[in-house]
Each structure stands twice: as structure tokens, then as C-alpha cells.
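Work through the following exercises with the sequence and the model open side by side. Each task is followed by a solution that proceeds in steps.

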Amino acid sequence: MKKIGLDHYPEGVPNEIESDVYDSLGHFLAINCQLYEDKPAFSNFGALLSYRQLDQRSRAFAAYLQQDLQLKKGDRLALMMPNLLQYPVAMFAALRIGLVVTNINPLYTSRELQHQLHDSGAKAIVILANFAHVLQPVLEQTRIEHIILTQVGDLLPVIKGSVVNFVLRWIKRAVPAFQLPREQIVTFKTVLSRGEKQALSPVNVDAEDMAFLQYTGGTTGVAKGAVLSHRNMLANIEQVSAWLKPVIKEGQEVVITALPLYHIFCLSCNCLTFMKQGALMVLITNPRDIPAFIKELSRWPFSVISGVNTLFNALMNHPDFAKLNFSALKLSVAGGTALQKSVAERWQCLTGQTMVEGYGLTECSPVVCVNPVSVDHFTASIGLPLPSTEISIRNDAGEVLPQGEAGELCIRGPQVMSAYWQRPDESEKVLRDGWLYSGDVACVDEQGFVRIVDRKKDLIIVSGFNVYPNEIESVLVECDGVDEAACIGVLDPKSGEAVKVFVVLKQGKIVEKERLIEHCKRNLTAYKVPHLIEFRRELPKNNVGKILRRALRD
């Protein structure tokens, strides 16, 4: 099978990558921390963590996990916190001694937390104190033996009257009461201070060893743990790095990291990929606070920013965003969900930079396809397959379809997971003959560019005709006054299913349903025009801002 898209690869991007540049993610950390030791690696609330400090503190943290907590290779460590300096310290500490990291959304309910802790079998958890009350009621239903409790300011300088102190005082008042077993708790600061005095025993970590037990977002049902090895993650680092090479300068990039590090998109594409480049990653703890986010952006000559459609839309809707200096910006990356044309074109108009859209999924560590970084316009596609990545478009029988036809996107490459954790039945559904069946409907044009049509499970069938929600949503947001839209199928006695849309209007705007219908009629064939319209103040979203159609259906 000829690999799709090779003829249109950007100049300087190889067809294949070397997947054995590093032995493990611990080796990756050691090499890059030595290479860029004097450069800043992460910033948060005005504090900087250099590559040398990251190496030293993760070593101390690892020594404590190993010596005091007696955690051994293969044990699972849960991380439950937003974007803080503590995150990369704890994560790399675990990886360098062969522990398996399972990332947890700190906004999870107790029920959701209990499921992941129980399913993963995590023995220890690093958790921000603000969320300890969520752990308390389910602790006995998990295998957690050790709780490392951290505060926002654990790695921040204490400067009287500073913004940091104000934030810390506010958060301290916001922490709900909790009562966890004292014998199981140790503080983050204590771990570092004790670990600094302890020896770190060498651990033989192989590239095939599990690095992350990364749970899917659960948008299609109960969250499942994707087994991602050190090789999976290292391969994706090399793939994305090769793709970005035409524009990235080692040791010079300032990367805005607003999506959560516990999500695979930001974990791989920001944290890991740009560590290889010696970049400074500016951690945004609460990107939902748009005024504070924009104020932080104003402090940096940022060159790279990644996000999802809803985040970029929210930034541009604030009047202060247009006042920022975008002269250093050279790479804007969108993923996680479909990028809408209206958002992409508005971004280009405001910043002077084209939005580069890509595609990935947890099961692929995550990146599969990306548009060339030299693209100068919105392509309405997810781009080309990365180096060492093969794709094919197949029908329900698993047969490869001709170029141009829509079918299920299937992926093969070194970044593809080995299985779902303890779910052989689910693994067999998606892993067949060396290919991952993504569950996404896509087609490929004559140049090899891939276009996502929609999720198979989101497909709406009206009188036998396929209707894809992304298309309806894109048309709706082009109507003046519409901020966001979501589309689902509902039962209909005549057509089997009918199209229902949920619409959020821009502040101060009034748009009648009749006007929306007329707009859709002008842009869509009759069976795609919504039959039902419901206005909402907001739409349900997951932790990275992806609209949850499942929640609307429920």
C-alpha cells in the first residue's frame, strides 16, 4: 500500500522517523535537561523552573517514591491537578523510575474519580488540596495507599503583596473541608525535602514498558485506559518534532500551554515535544478566566500557542485580545475537536497567523495528521499523516475504499497503543490486523489531505440520508449573532431521525429561530436543515473544551 500524502510533504520533513533516539522517557528527560540546563523550562504565576531544577526536583521526588513509599516499576501513580509547576516534577519523577502515570481530570466527580482509580489500580496519588474532598468519600473503594497533598504555591516564591500571594489566599479560602487518613498523607514539600537526602536507585526502563495509562475522555461511554508505552510517546515526539522543524528554533520558543497537561493533546504536543526543543512553556492554570489569561499573554513574546476551537473563540470574543502584540507568534495549533472556518479566518485576521489544524486521539499518543506549518489559509482538513504513519479509509466490512469516498479512518504507526487496559473485548473492536479503527468518518482528497466528516456514533440518518453534525454546526456559527452550536439527532416518526440544534448567542445579540432556519436553508440541502432549535446560555464541554453531544442527547 502506497503511503498517503508523501508527495505533498513539506520540504525538509522526512517520510520516516527514528523511534529509538531515546531509551525511555527518563532518558529523554536526562538528555534534554543536560542540553538546556540553564534555560527556563516552565513558568507559572511568575515563577520559573529551569531544566536543571526540573531534573533535580524530579530526581528528589523519584527517590522519595522509591525509598519511602516503596513504589516499584509498573506501579501506577495518579496525578490530579491543573497546570502547575508540580505536574512536570511529579510526572517525570514517576517515569524515570518506571512507574506508570495515570492522569486524572481534577474536575472529576467522586464517582468518576473512583472509577479511574479502581480501574487503574493506582497505589498513590498526587492531588491538589482543593480537590481532596472529592477523593475522601471513595478512598476506601480504591487501592490508594499513599496521598501526596500539594498546594498551589508549593513551588512558587513567596513575595509579600504579590499577585501570587493574592491568588494563594483566594484559593486557600476556596478549599472545601476534608478529612483524609493522616497516616496516608505526606505533603509535596516534604517529599522534595526528604528526597533530596536520599539515593535514587537505577531502574532498567525499556521502551516497551508502559509509561501512561491514559483514559479516554469518555465521550462515547465509560472511560477506558489506553496503554501507552515509552516507545509510543517517544515516537510521537519525534514525529511532531520532524513536522514542526521548518519553523521551530531550539532554545528560543515561548509556548503558551493553556490546555491541561493531564490531557494527552497538551501532554504530548506541548510538554514533551517542546521539551525536546528546549522551549519555555508558560503554564496557564485556569484558561477559563479569559481576562487573566489575556493579561498573562501580554507578559510574554509568545511564539507558539495551542488550543481548541472554543478556547480560541473565547479569546477573540474579549476586546483586550486584539490589543496584544503578535509579532513573535509563528505557530498556532488547533486540535481536540473540529476547527470552524469562521474561527480560523477570524484568528488569521487578528493575529496575522494561519491556524494549523491537526488530528489525534488518545489511542495514538495522540497525533496522527497535521496540516503543513507553511499553510497560508484554512484548509478545512486535518492535513497529512505524520512521518511513519499510515492511514486507510475502510467500510464496515474492513475493506479499503477508493480515494475520495468516506469511511472509517484506520491508523497504523509506532504511536498506536497496544491495548485498552484490562479490556480485551474493547481492544479487539478497535485493533485489527495491526490497524487502529478510530471510529471517525473521513475521506482523503487527491493530494492526500484528510478530512474528518464526523464521529460514526454522531452520525444522523434522516430518511436514509447521512447527516454529519460538524457540517450543520459550522454553518450555524457563520450566522451573525451565533457564538456556539451543537447538533444531534432525535427520533422522528416520519424520517427516523431529525436534526436538532442547540445554539448559544453572542452577548447582547438577538437572533430569531426563523432567521436561523432561513440561514440553514441557504447553505444546506433540505434534509440537513434543523427541525428543532433550542437556545442555551452555554453548552456542556469536557475538560479541554470539546462540546459533549452525548450530554445533550442524554
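## Exercise 1: Backbone geometry in two loops

Ser 365 is found in the loop between β14 and β15. The coordinates belong to a predicted model, and the task is to describe the backbone at Ser 365 and at the peptide bond that follows, and then to examine Ala 380.

Solution. Begin with the torsion: phi of Ser 365 is near 70°, which is a positive value in a residue other than glycine. Next, take the peptide bond from Ser 365 to Pro 366, which is cis, with omega near 5°; Pro 366 is placed in the loop between β14 (355-360) and β15 (367-370). Then consider the surroundings: Ser 365 counts as buried because its relative accessible area is 0%, and the cut-off for buried is under 20%. Finally, turn to Ala 380, located in the loop between β15 and β16 (384-385), where phi is near 60°, again a positive value in a residue other than glycine. With a relative accessible area of 32%, Ala 380 is partly exposed.

## Exercise 2: Helix α2 and the core around Phe 61

Test whether the length of α2 agrees with the expected span, and then follow Phe 61 from this helix into its contacts.

Solution. The 17 residues of α2, at 1.5 Å a residue, should span 24 Å, and since the end C-alpha atoms are 24 Å apart, the two values agree. The expected span is taken as 1.5 Å times one less than the number of residues. The buried residues of α2 include Tyr 51, Leu 54, Phe 61, Tyr 64 and Leu 65.

The next step is the core. In the largest nonpolar core, which has 151 residues, Phe 61, Leu 65, Met 91 and Phe 212 touch the most other members. Helix α9 (residues 264-276) supplies the largest share of this core, with 9 residues. A second, separate core of 21 residues includes Val 475, Val 503, Val 511 and Cys 520.

For the contacts, leave out residues up to four places away in sequence: Phe 61 then touches Val 89, Ala 90, Ala 93, Val 126, Ile 148, Phe 188, Val 191 and Leu 192.

## Exercise 3: Aromatic pairs

How many aromatic pairs does a search of the whole structure find? Classify the pair of Phe 61 with Phe 188 and that of Phe 302 with Phe 326.

Solution. The search finds 9 aromatic pairs. Phe 61 and Phe 188 form one that is tilted, at 4.9 Å centre to centre and with 45° between the planes. Because Phe 61 lies in helix α2 (residues 51-67) and Phe 188 in helix α7 (residues 188-195), the pair ties together parts that are 127 residues apart in sequence. Both Phe 61 and Phe 188 are buried.

Phe 302 and Phe 326, by their 90° between the planes, form an edge-to-face pair, with 6.3 Å centre to centre. Here Phe 302 lies in the loop between α10 (290-297) and β12 (304-307), and Phe 326 in the loop between α11 (309-316) and β13 (331-334), 24 residues apart. Phe 302 is buried at a relative accessible area of 2%, and Phe 326 is buried at 10%. As a last step, place this pair in its surroundings: ring pairs link Phe 302, Phe 312, Phe 321, Phe 326 and Trp 347 into a cluster.

## Exercise 4: Ile 305 in strand β12

Is Ile 305 buried or exposed, and which residues does Ile 305 contact?

Solution. Ile 305 has its place in strand β12 and, at 2% relative accessibility, counts as buried. Leaving aside neighbours within four places in sequence, the contacts of Ile 305 include Ile 256, Phe 312, Leu 331, Val 333 and Trp 347. For Val 333, the C-alpha atom is separated from that of Ile 305 by 6.4 Å, although the two residues are 28 residues apart along the chain.

## Exercise 5: Cysteines

How many disulfides does the structure hold? Check the sulfur distances for Cys 443 and Cys 487.

Solution. The structure holds 0 disulfides. For Cys 443, which is in no disulfide, the nearest cysteine sulfur is that of Cys 369, 12 Å away. Cys 443 counts as buried at 16% relative accessibility. For Cys 487, also in no disulfide, the nearest cysteine sulfur is that of Cys 520, at 9.1 Å, and Cys 487 is buried with a relative accessible area of 0%. The cut-off for a disulfide is a pair of cysteine sulfur atoms within 2.5 Å.

Technical notes. Residues are numbered from 1 along each chain as its sequence is written. This is a predicted model: local features need pLDDT of at least 70, side-chain atom pairs count only at pLDDT 80 or more; totals for chains, interfaces and linings use all residues. Side-chain values use heavy atoms; hydrogens and water are left out. A nonpolar core is a set of buried Ala, Val, Leu, Ile, Met, Phe, Trp, Tyr and Cys residues joined through side-chain atoms within 4.5 Å. Buried means under 20% relative accessible area, exposed over 50%, partly exposed in between (1.4 Å probe, protein chains only). Helices (H or I, at least four residues) and strands (E, at least two) are DSSP runs, numbered from the N terminus. Contact means heavy atoms within 4.5 Å. Rings of Phe, Tyr and Trp (its six-membered ring) pair if their centres lie within 6.5 Å; planes under 30 degrees apart count as stacked, over 60 as edge-to-face and the rest as tilted.
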